[in-house]
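User: Please take a close look at the aromatic cluster in this structure and at the core around it. I would like one connected account that also covers the setting in the rest of the chain.

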Amino acid sequence: MVMMSLSTQFPALKNCRAHEVCGPAALPFALAMAARVAGAVMFVDALHERDQIYPFGAGRFVDMARVLSVRGTSQDDILWIAEEALRSGCVPVVIAHITKEISLTAGRRLQLAAEVGKSLGLFIVPEGMGSNAAETRWYCQAARAQVTAQLDSTLFQWTCNKNKTGTIGSWMVRWNETTRHIDCLSKAGDRSLSQAAAS
């Protein structure tokens, strides 16, 4: 598995494509990726979903004045809204929270919509329920500092386990809230998380 070093930038997600992310830190990953793109961000989730995007938490990653929140009544609604937003080209980034498996046909439609609209699609999916059409798939979790044995809210382990055209691997990153920038830390295994977080 390829690892990135401290001097290497975190890779940019390929634009005009749909990507998937799962894991407990999937939303911070999606918001951090959205922060790297100028313009509006559409966040689509279910009307009945109790866990909604929390503005004060999400605002650590992306300016909430950029975020348009849209809610659908079913997964079909959410996929339709996301597809139309991607295809329109009016929204540079679309983040959609999906709770069920995405079919190959739906995944291909999302890819085509992203290509036509020249937009970035980020789909938060349950683990194992993504589409084979996804450009990349990520598993994201918060990292635990070894000294305190507590989760660091800015330290993450982001693992790309599917990439159609590029590198797969695992990156230890820190979110810099002040600059809204992703800082890559040392190669996994080089030093402890507490040492990496202290650098």
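Analyst: Of the 199 residues in the chain, 48% count as buried. The model is a predicted one. The chain holds five helices and 10 strands. Among contacts between residues at least 6 apart in sequence, 71% join residues at least 24 apart. The exposed area of the chain is about 9800 Å², and carbon and sulfur atoms supply 54% of it.

Now the aromatic residues. Searching the whole structure gives four aromatic pairs. One of them joins F29 to W138, a tilted pair with 5.1 Å between the centres and 35° between the planes. This pair links distant parts of the chain, since F29 belongs to helix α1 (residues 26–35) and W138 to strand β7 (residues 136–145), 109 residues apart. F29 is buried, at a relative accessible area of 1%, and W138 is buried as well, at 2%. F29 also pairs with W158: the ring centres are 4.9 Å apart and the planes stand at 85°, so this pair counts as edge-to-face. Because F29 lies in helix α1 and W158 in strand β8 (residues 150–163), the pair ties together parts that are 129 residues apart in sequence. Like F29, W158 is buried. Ring pairs join F29, W138 and W158 with F156 and W171 into a cluster.

The surrounding core comes next. The largest nonpolar core has 32 residues, and those that touch the most other members are F10, F29, M33, I95, W138 and W158. At least two residues of this core come from each of α1, β3 (41–46), β5 (93–97), β6 (120–124), β7, β8, β9 (169–176) and β10 (181–184). Helix α1 provides the largest share, seven residues.

I95 shows how one member of this core is surrounded. Apart from its neighbours within four places in sequence, I95 is in contact with A30, L31, A34, V41, M42, F43, V44, L122 and I124. A second core, separate from the largest one, has 22 residues, among them C22, I98, A106 and F123.

The cysteines can be taken next. No disulfides are found anywhere in the structure. For C22, the nearest cysteine sulfur is that of C140, 7.5 Å away; a disulfide would require the two sulfur atoms to lie within 2.5 Å, so C22 is in none. C22 is buried, with a relative accessible area of 4%. C160 is likewise in no disulfide, and the nearest cysteine sulfur, again that of C140, is 9.4 Å away. C160 is buried too, at a relative accessible area of 1%.

I98, a member of the second core, also appears among the contacts of a polar residue, Q75. Q75 is located in helix α3 (residues 75–88). Its relative accessibility is 14%, and Q75 counts as buried because the limit is under 20%. A polar atom of the Q75 side chain lies 3.2 Å from the backbone nitrogen of T99. Leaving aside neighbours within four places in sequence, the contacts of Q75 are I98, T99, K100 and E101.

To return to the part you asked about: F29, W138, F156, W158 and W171 form the ring cluster, and F29, W138 and W158 are among the residues that touch the most other members of the largest nonpolar core.

Terms used: Residues numbered from 1 in each chain as written. Predicted model: local features only at pLDDT ≥ 70, side-chain atom pairs only at ≥ 80, totals over all residues. Heavy atoms only, no water. Buried < 20%, exposed > 50% of the residue type's maximum accessible area, 1.4 Å probe, protein only. Phe/Tyr/Trp six-rings, centres within 6.5 Å; stacked < 30°, edge-to-face > 60°. Helix = DSSP H or I, 4+ residues; strand = E, 2+ residues; numbered from the N terminus. Contact = heavy atoms within 4.5 Å. Areas by Shrake-Rupley, 256 points an atom, 1.4 Å probe, with all protein chains shown as cover. Core = buried A, V, L, I, M, F, W, Y, C linked by side-chain atoms within 4.5 Å. Polar contact = N/O pair within 3.5 Å; in protein donor to acceptor, adjacent residues only side chain to side chain.
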